[in-house]
Amino acid sequence: MAMTLTDDQNMLRDTARDFMASEAPVTHFRKFRDMGCKDGFSHGLWKQFAEIGFTGILIPEADGGMGMGQIEAGIVLEEIGRNLSPSPFLTTSVAAVEALKLADKAMRDRWFPGILAGETVIGIAIEEGVKHRPEKIACVAERSGNGFKLTGQKQFVVQGASSDMLIVAARTAGAAGETDGLTLFAVDKDAAGLSMEAARLVDSAVSAHVKLDGVQVNADAVIGEVDGGWAVLSKMLDAGRVGAAAEMVGVGTGAMDMTFEYLKTRKQFDRVIGEFQALQHRAAHLYGEMEGARSIVLKAQSLMDEGHAKAELYVAAAKAKAGLACNLSVREGVQMHGGIGMTDEYDIGLYMKRDRSLNEFFGDAYYHADRVATMNGY
Amino acid sequence: MSELETFRAEARAWLEENCPAEMRTPAKGDEDVCWGGRNFVFQSEAQKLWLERCVAKGYTVPDWPKAYGGAGLSPQETKVLRQEMAKLGCRSPLNSFGIWMLGPALLKFGTEEQKVHYMGQIARGEIRWCQGYSEPGSGSDLVSMQTFGEDKGDHWVVNGQKIWTSYADKADWIFCLVRTDKTNKYQGISFLLFDMETPGVSTKPIKLISGNSPFCETFFDNVVVPKNQIVGEINRGWDVAKYLLGHEREMISGMGGDGGVTSIGAAMKATLSQEPVLRAQMALFDVDNLTFRAHGERFMDEWKTGKAHPAYSNLMKYVGTELNKKRNELVMSIGGTQALEWESERSNGGSKARNWLRTKANSIEGGTSEVMLNVVSKRILEMPGA
Ligand SMILES: Cc1cc2nc3c(=O)[nH]c(=O)nc-3n(C[C@H](O)[C@H](O)[C@H](O)COP(=O)(O)OP(=O)(O)OC[C@H]3O[C@@H](n4cnc5c(N)ncnc54)[C@H](O)[C@@H]3O)c2cc1C
Ligand SMILES: Cc1cc2nc3c(=O)[nH]c(=O)nc-3n(C[C@H](O)[C@H](O)[C@H](O)COP(=O)(O)OP(=O)(O)OC[C@H]3O[C@@H](n4cnc5c(N)ncnc54)[C@H](O)[C@@H]3O)c2cc1C
């Protein structure tokens with residue numbers, strides 16, 4: 001595959017760019033943040049996402065979706081990142097959809113229509129500690145009646161309290177640390193024994209701490225195979241990771257563009273500060289890092305879409321690189337803005353906060369660099 | 001099967017049939033590389049055979065037109081051929097400044113006669129070229145160069161000095177920047193070609209910190225250059241020089257070990273598993289390395305379809321050379337005291353240390369990292385100021 005966008009992909013990018021810039025620019029984000037919105041996003045916007053076709057971008061055509069791939073989902077995510085548009089797109093339309101694609105028809109029929117209509121939100125309940133350690137999952141699912149009984153706790157369930165369903169990873173066999181013996185469940189938000197505590201994050205998104213106190217689910221709540229959840233989980237996590245990486249390319253590029261614009265207008269010492277070589281070199285270096293991040297993300301997306309054996313390696317590298325580059329972009333952004341970059345009124349700080357959250361989402365740069373080393377044989 | 005996949009299958013079959021087994025192992029060092037030229041001595045029968053077969057097929061310069069010694073492949077076909085060569089571990093049949101630098105400049109600025117003559121010689125590995133740009137007083141600020149060509153009607157008489165001329169003592173011909181108008185800085189330079197055996201040309205090797213002497217001081221004392229040995233117009237050599245630098249930067253950015261994505265970490269596992277901080281550095285390097293290869297691929301795809309910014313190769317040169325230096329720093333750290341050995345057979349004649357030192361030049365030759373950042377900042381990011 002050529003590492004350039006096709007005409008169709010360029011058209012999608014133009015559509016997504018116009019849509020986010022007009023319907024969900026940073027002012028939209030600020031509005032919902034400042035009103036203390038309990039969801040952290042607008043249900044109206046989520047409906048608009050559905051109308052334009054974004055919510056079903058990864059849902060197969062046979063199931064009523066657009067049947068597109070990670071490159072296309074990433075195009076939408078980049079614009080989301082650039083505009084800090086708050087939505088359940090990454091969790092619901094990317095991660096959850098990738099998991100549900102591996103579920104049976106009854107399950108797909110149950111959830112895809114709501115996602116396509118922009119009515120359903122799905123939370124991803126994987127994390128149990130403060131760092132991403134999916135193989136360490138300890139939450140237990142014991143066989144009980146016609147199904148399973150789930151007991152344990154989950155955290156960093158983004159938009160969990162606003163979700164209609166949670167995808168919960170639990171252990172049906174084996175011990176924490178093993179990849180075998182995991183199973184994924186679709187758990188209804190109203191299930192008895194399920195409780196949540198919402199917590200606002202630094203980027204104003206709302207995540208949830210989830211308690212599962214003997215939550216009873218039927219056998220048909222299983223996504224994929226019992227004990228064989230790692231395959232579904234990996235697919236879901238990799239889609240979420242490459243998606244978060246694409247969103248970080250957007251966040252980093254947005255912050256970078258804003259900063260470069262500032263360098264060309266702010267005057268000190270009777271000159272625009274962009275004339276100072278000390279800043280020019282850092283700007284050029286940052287541009288190189290962001291261009292690299294954009295490239296490896298595109299490579300990872302295309303390998304995923306091809307079902308290539310090296311996709312996992314490239315997704316890990318892409319999440320790591322996008323995380324490092326985006327982080328550099330927001331740090332340089334705040335610094336090069338001087339005092340005004342520290343103010344709440346100015347947008348650059350919002351980019352810094354969003355970067356922090358996305359870096360943690362499904363494993364940070366160090367976690368993924370470590371995986372790259374392991375996959376490379378050392 | 002798509003046309004491209006048909007081509008892939010054909011290319012692979014051709015390579016399997018024609019690339020000798022000895023040419024499917026990595027070159028051990030500079031001495032092991034085929035540079036061609038009048039005085040080149042083949043190190044093995046296989047090396048000679050591989051060159052001859054590639055010349056006959058046009059595969060020393062696969063993307064050049066057939067009329068000039070190439071195979072006339074499209075950018076996509078060239079990429080596929082390189083992928084297949086990499087998979088089989090085939091060595092490059094011929095390395096030369098003619099291929100990387102002069103050829104592309106001739107293709108754009110040369111006359112038809114020059115293309116057929118000079119590009120053909122390059123493609124067949126008959127003439128080895130060197131680059132006469134830098135002077136003692138003109139490095140980064142190249143346009144200040146002083147080597148002068150006096151107009152004598154049907155020829156110029158060239159006097160002056162170049163420095164850091166790579167392989168000047170081994171090259172057959174030089175492409176050289178010569179001032180032909182002292183009153184005009186940018187539009188007073190001509191791009192001349194001449195034989196290094198012309199009376200008045202002399203070279204003096206300079207020893208590098210790596211202990212090798214691949215480059216020279218080059219002196220011109222009343223060197224006669226016929227007027228038809230100019231590329232482009234008189235006093236417009238700067239345009240040719242800059243265009244060529246773009247290709248040079250692209251070439252240098254791709255250097256570095258196998259040029260591939262294979263990690264050097266696995267071979268160093270025994271050490272890395274005992275050194276967690278070093279392993280972490282290696283891991284972050286691998287992330288950057290995978291990134292750079294993807295970046296290079298994207299750049300080539302955009303470059304060949306005319307979508308890349310014309311100054312983009314400056315960015316690639318900066319990123320690629322800094323990465324290569326980092327790689328060699330890691331090789332030295334992981335190698336520990338063994339990597340310090342300078343002469344022993346055990347250390348293959350100090351190859352790690354010598355390579356490490358050689359790579360320090362990557363971010364100097366062909367334009368320094370600082371100059372690359374200046375260009376990126378001004379031309380791509382459009383930052384204000386001089
Ligand atoms: C939390 C906070 C508290 C503060 N408290 C006080 C206070 O109590 N009293 C007070 O008077 N001030 C205070 N300040 C202001 C502070 O001193 C200024 O913000 C600082 O001097 C930078 O000036 P600036 O914000 O105008 O940035 P600018 O000068 O506009 O700088 C913008 C960017 O350009 C860079 N830059 C500028 N000139 C050059 C150059 N020549 N070469 C290279 N780079 C250059 C800067 O390093 C920076 O990255 C405070 C600032 C903050 C953030
Ligand atoms: C191994 C090797 C092979 C070479 N081969 C050839 C060859 O075949 N033919 C040929 O013509 N030349 C060749 N060169 C020369 C090379 O192109 C020059 O060394 C290079 O252009 C830098 O020039 P300089 O050495 O004079 O350094 P200078 O220009 O003096 O630079 C010194 C330092 O100042 C910095 N600097 C300079 N200007 C600026 C600026 N405006 N802003 C910020 N920093 C700046 C530089 O980045 C550098 O760090 C070779 C060099 C090496 C090391």
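**Exercise 1. How many nonpolar, polar and charged residues does the lining of the largest cavity have, by class?**

*Solution.* Keep in mind as you work that this is a predicted model.

Step 1: Start with the cavities. The structure holds two of 30 Å³ or more, and the largest has a volume of about 360 Å³.

Step 2: Look at who sits around the largest cavity. Its lining consists of 29 residues, and those closest to its centre are A:Gln159, A:Asp203, A:Ala205, A:Glu247 and A:Arg354.

Step 3: Trace the lining back to secondary structure. In chain A, two or more residues each come from helix H2 (26-34), H4, helix H5 (89-100), strand E3 (147-158) and helix H10 (348-360). H10(A) gives the most, with five residues.

Step 4: Sort the lining by class. You should find 16 nonpolar, seven polar and six charged residues.

**Exercise 2. Find which element gives the most to the lining of the second largest cavity.**

*Solution.* Step 1: Note the volume of the second largest cavity, about 40 Å³.

Step 2: List its lining: A:Thr91, A:Ile124, A:Glu127, A:Phe156, A:Val157, A:Val158, A:Phe361 and A:Phe362.

Step 3: Assign these residues to elements. E3(A) gives the most, with three residues. By class, the lining has six nonpolar, one polar and one charged.

**Exercise 3. Describe how domain 1 and domain 3 of chain A meet, beginning with the domain bounds.**

*Solution.* Step 1: Mark out the domains of chain A: domain 1 (7-120), domain 2 (124-228) and domain 3 (231-375).

Step 2: Take the centres of domain 1 and domain 3 of chain A over C-alpha atoms; they are 21 Å apart. The contact involves 22 residues of domain 1 and 33 residues of domain 3.

Step 3: Turn to area. The two domains bury about 2,100 Å² between them, with 65% of it on carbon and sulfur atoms.

Step 4: Count the salt bridges between these domains, and you reach five. Elsewhere in your notes, record that A:Glu78 and A:Arg294 have side chains joined by a salt bridge (2.9 Å, N to O).

Step 5: Try chain B too. Its assignment gives domain 1 (3-95), domain 2 (129-235) and domain 3 (254-380), and the centres of its domain 1 and domain 3 are separated by 24 Å over C-alpha atoms.

**Exercise 4. Work out which residues of chain B lose the most area to chain A.**

*Solution.* Step 1: Count the residues in contact: 38 from chain B and 40 from chain A.

Step 2: Find the area. The chains bury about 3,300 Å² between them, 65% of it on carbon and sulfur atoms. On the chain B side, B:Arg279, B:Leu290 and B:Arg298 lose the most, together 18% of what that side buries.

Step 3: Add the charged pairs. Four salt bridges are found across the interface. B:Arg279 forms a salt bridge with A:Asp370, where the closest N and O atoms are 2.8 Å apart.

**Exercise 5. Identify the residues closest to the centre of the second largest pocket.**

*Solution.* Step 1: Begin with its volume, about 880 Å³.

Step 2: Search its 34 lining residues; the closest to the centre are A:Arg13, A:Glu291, A:Arg294, B:Arg298 and B:Glu302.

Step 3: Name the elements giving two or more residues: helix H1 (7-23), helix H4 (70-83), helix H7 (229-263) and helix H8 (277-306) of chain A, along with helix H8 (276-304) of chain B.

Step 4: Finish with the classes: 16 nonpolar, six polar and 12 charged residues.

Note on methods:
Residues are numbered from 1 along each chain as its sequence is written. Chains are lettered from A and ligands numbered from 1 in the order in which they are written. This is a predicted model: local features need pLDDT of at least 70, side-chain atom pairs count only at pLDDT 80 or more; totals for chains, interfaces and linings use all residues. Side-chain values use heavy atoms; hydrogens and water are left out. Domain bounds come from an automatic or database domain assignment. On a 1 Å grid over the protein atoms alone, a cavity is a set of points where a 1.4 Å probe fits but cannot get out, and a pocket is an open set with protein on both sides within 12 Å along at least five of seven lines; lining residues have an atom within 4 Å of a point. Grid points are joined across faces, edges and corners, and a volume is the space filled by probe spheres set on the points. Helices (H or I, at least four residues) and strands (E, at least two) are DSSP runs, numbered from the N terminus. Ala, Val, Leu, Ile, Met, Phe, Trp, Tyr, Cys and Pro count as nonpolar, Asp, Glu, Lys and Arg as charged, and the others, Gly among them, as polar. Contact means heavy atoms within 4.5 Å. Buried area is the accessible area (1.4 Å probe) that two parts lose on being put together, summed over both.
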